[in-house]
Each structure stands twice: as C-alpha cells, then as structure tokens.
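Work through the exercises below with the model open. Try each task before reading its solution.

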Amino acid sequence: MLKRLFPHPYLTLTLVILWFLLVNQWKLGSLVMALILATVIPHLTSAWWPDRPKIRRPFGLAAYALLVLWDVIVANFQVARIVLFMPRDKIRSAWVTVPLDLRAPEAITLLAGTITMTPGTLTADMSACGRALLIHSLHAPDPDAVRDDIKARYEARLKRIFE
Amino acid sequence: MILPYALLFMIGCICAALILNLIRLFTSPTLTDRILTLDTMTVNALALVILYGIWAGTGLYLEAAILLALTGFVGTVAYCKYLLRGSIIE
Amino acid sequence: MTLALAIDLFLSAMLVGGGLFALIGSYGLLRLPQPMQRLHAPTKATTIGVGAALVVSALDLLPQGAVSWQEILITIFLLLTAPISALFLAKTLLLRHEDPATLPDSGTGRPWATLSDDRPVG
C-alpha cells in the first residue's frame, strides 16, 4: 500500500524539500501543498522512471558531494591560470576515452556531471552501448593520467555508493 | 562597510563580461559558439539580477532569477536539439 | 561586532572572487582558439561566479539573524543544468564541426552515440 502510494520515496522527499525552498516559508499550508505535489508528480512521471535507483550508502553520497565541491573550487583556479596566462599554441587539448566499470544509469549520469563540473575536463559523448565516455581535456600533456585520475578519484567512489 | 564596494566591483565585472560576450556574439565563427555565448549571457544576466537584489535589499528579485535560470536552460537545450535532430519536440 | 566584520570581509571576498571568475569565463570564451576549448571556460567559471553571488545573497542578512533559502534552490538548479547544457553543446559540436577521424576509438566496438547510424534524423 505504502509502496503503491509512494513509488519513488527519494523523489517524494526531494520534491517536498524543493517546494519548501521555492515558497521560502515554513507554514502548515506549504506542507500540505508539498505533500500533494510530492504524491502526484511521481505517479505522473512514473513512465520515465521504470526502476528505483538503489543508493547503498546515502552518507557516502554526501561526502562525495563535498569532495566534488572542493575539487570544483580548487580546479577553477588552474583553469583560470590556463585561460589567462598560457600562450594559445601551448594549450594542448586532448580527447580521452574513459571505459566505464559502472553500470547503473544514475551513477553514470552523476559521473558525467562530475567530470563536466570539474574544470579542465568535459564529457562530450558516450559510446552507443553506454560502456565508455568521451572526454575533452583542456590542457592534458598526459591523457592517460587524466583517465586514471577520473577512474580512481570519482568512479571508484561512485561504485562503492551505488553498487 | 566594505560590502557595497565589493558589490559594485562584481557588478562592474559582470558588465565587462557581458560586453565581452556581445563582442563574441557578433564575431563568433560557428553557430554553436553563438548558442554557447547566449547561454553564458543568460547566466551573467542572472548574476546581475541577483546582485541588484542584494543592492536593493529585497528577496523579490530571486524569483525573477529562478525564471531566468529556467528559461535560459530550456532555450539552450532547445537550440541544441534543433541543430542535433532537426526538430525540438519529437 | 567582530563577527559582523568577519562576515562582511568573507562576503566581500566572495563577491570579488566571483566577479573575477565570471569575467575570466567570458574572456576565455573570447580568447581560446578551438571550439571545444571555448566550451570549457564559460560553463564552469561563470557558474562559480553566480554561485558566489548566491552565497552572498543568502548570507547577506545573517547579522540581523535572517537566512534566505531560495538561493539554495537556484544553486542546485544551476549545478544540475550546467553539465547538461555543456553536454548538449558538445554533442552539437561533435556532429557539426569536429572531424570524426580525430576522435579516439570508444574501445567497446560501438561508435560514439552522436555519430552512430541509428541516430534518428528528423
């Protein structure tokens, strides 16, 4: 019964929180509205969510978010240095192929988003079978190091969280 | 104390960034560059709206900022989908 | 009083840093020579710039004991959508402006999704 009413508990919880952030006030009426929306929207959109994503370690996800935030801030300074001071013909951009060990679609989406937000690398495409990512690196004298770094720093952590 | 001066500095930076974007918009070599520039301009305009909200001391501009963020994102995706697929809604 | 001063200094530093990053992002868009390189600067640096403005907006009234929550919503939205727009722009560039021969092999026996044959053409 509870499972039929809330097919996606994480989505419902996220919607409640998002509604409170949107109305920007803590009132009973907002809670009622949030609960109505959070019950109806998962049912209306269930055609696009055939499976429930499995998150093995929610706290691992929080730690991962903090790690990514820190990396984004630190690495932005490196890109700023490249953009401002490196001569144009010295910037050596490279395409990098990253073979994926992850299989969960949510985990792959998160990895692709992380790679894009971490400055210096950008997810450009995925192979047609979903087993490899095409990444463009702004300045990579050693493309293999970029691949190994992504696999060790982000993919291994996501694998522990999702699988 | 020094916050208003920092605010003015950032508003100046964003205005300079918008001028650079305009130059790029008129001199951009490819169509995709133009879409990218428009996306950047939307985000810069968003920053300008938020900064004006801080300057005016009201939270009302945040709702305008939310709308600008939404329409900017949908616009960028629609342009790209049109170039990728030849249609927007399939 | 010292706490208020510390907050003031912190917020001012955020504003100056965020403004510089936004400027660098737009400058990179103008300066970098290759189309794929130009994609790097604005998607990230500009997002960081707006993020700094949002943090300041959220904490601006902290000395008076008020914190606004809508900024968190905008920050989450920007952090979620920036990679998606970047991915769409990259796919458009791959399809229209990049030479497929310069791309590396996917290593899986299948081509890259944007260039594969079963891509629907409208």
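**Exercise 1. The hairpin**

Find which residue takes a positive phi in the hairpin of strand 2 and strand 3 of chain A.

Solution. This is a predicted model. Go to the hairpin of strand 2 and strand 3 of chain A, which has 5 residues between the strands. There, G130(A) takes a positive phi near 80°. Now check the pairing. Strand 2 (residues 121-126) of chain A and strand 3 of chain A are joined by 5 bridges, in the antiparallel sense. One pair to locate is T123(A) with its bridge partner I135(A).

**Exercise 2. The sheet**

Work out the order of the strands in the sheet of chain A and name the edge strands.

Solution. Start from strand 3 of chain A. Strand 1 (residues 94-99) of chain A runs antiparallel to strand 3 of chain A, with 6 bridges. T97(A) has L134(A) as its bridge partner. Strand 2 of chain A also pairs with strand 3 of chain A. The order is therefore 1-3-2, an open sheet of 3 strands with antiparallel pairing. Strand 1 and strand 2 of chain A are the edge strands, because each pairs on one side only. From one strand to the next, the twist averages 30°.

**Exercise 3. Strand 3 and its cover**

Decide whether the residues of strand 3 of chain A are buried or exposed, and find which helices pack on the sheet.

Solution. Strand 3 covers residues 132-137 of chain A, and 6 of its 6 residues are buried. Next, sort the side chains. In a regular strand they alternate between the two faces of the sheet. Here A132(A), L134(A) and H136(A) point one way, while L133(A), I135(A) and S137(A) point the other way. Then look for helices. Helix 6 (residues 143-162) of chain A lies across strand 1, strand 2 and strand 3 of chain A, at about 40° to strand 1 of chain A. Helix 4 (residues 70-96) of chain C touches strand 2 and strand 3 of chain A, and its direction makes about 65° with that of strand 2 of chain A.

**Exercise 4. A helix pair in chain B**

Determine how helix 2 and helix 3 of chain B are oriented to each other.

Solution. Take helix 2 (residues 31-56) and helix 3 (residues 61-85) of chain B. Their axes come within 9 Å and cross at roughly 175°. Angles over 145 degrees count as roughly antiparallel, so helix 2 of chain B is roughly antiparallel to helix 3 of chain B. Among the residues in contact are L46(B) and V49(B) in helix 2 of chain B, and L68(B) and A69(B) in helix 3 of chain B. By class, this contact has 17 nonpolar, 4 polar and 1 charged residues.

Key:
Residues numbered from 1 in each chain as written. Chains lettered and ligands numbered in written order. Predicted model: local features only at pLDDT ≥ 70, side-chain atom pairs only at ≥ 80, totals over all residues. Axes fitted to C-alpha atoms, helices over the stretch in contact; angles between N-to-C directions. Helix = DSSP H or I, 4+ residues; strand = E, 2+ residues; numbered from the N terminus. Parallel < 35°, antiparallel > 145°, perpendicular 65-115°, else oblique. Contact = placed C-beta atoms within 7 Å. Nonpolar A, V, L, I, M, F, W, Y, C, P; charged D, E, K, R; others polar. Buried ≥ 20, exposed ≤ 12 C-beta atoms within 10 Å, placed from the backbone. Pairing = 2+ DSSP bridges.
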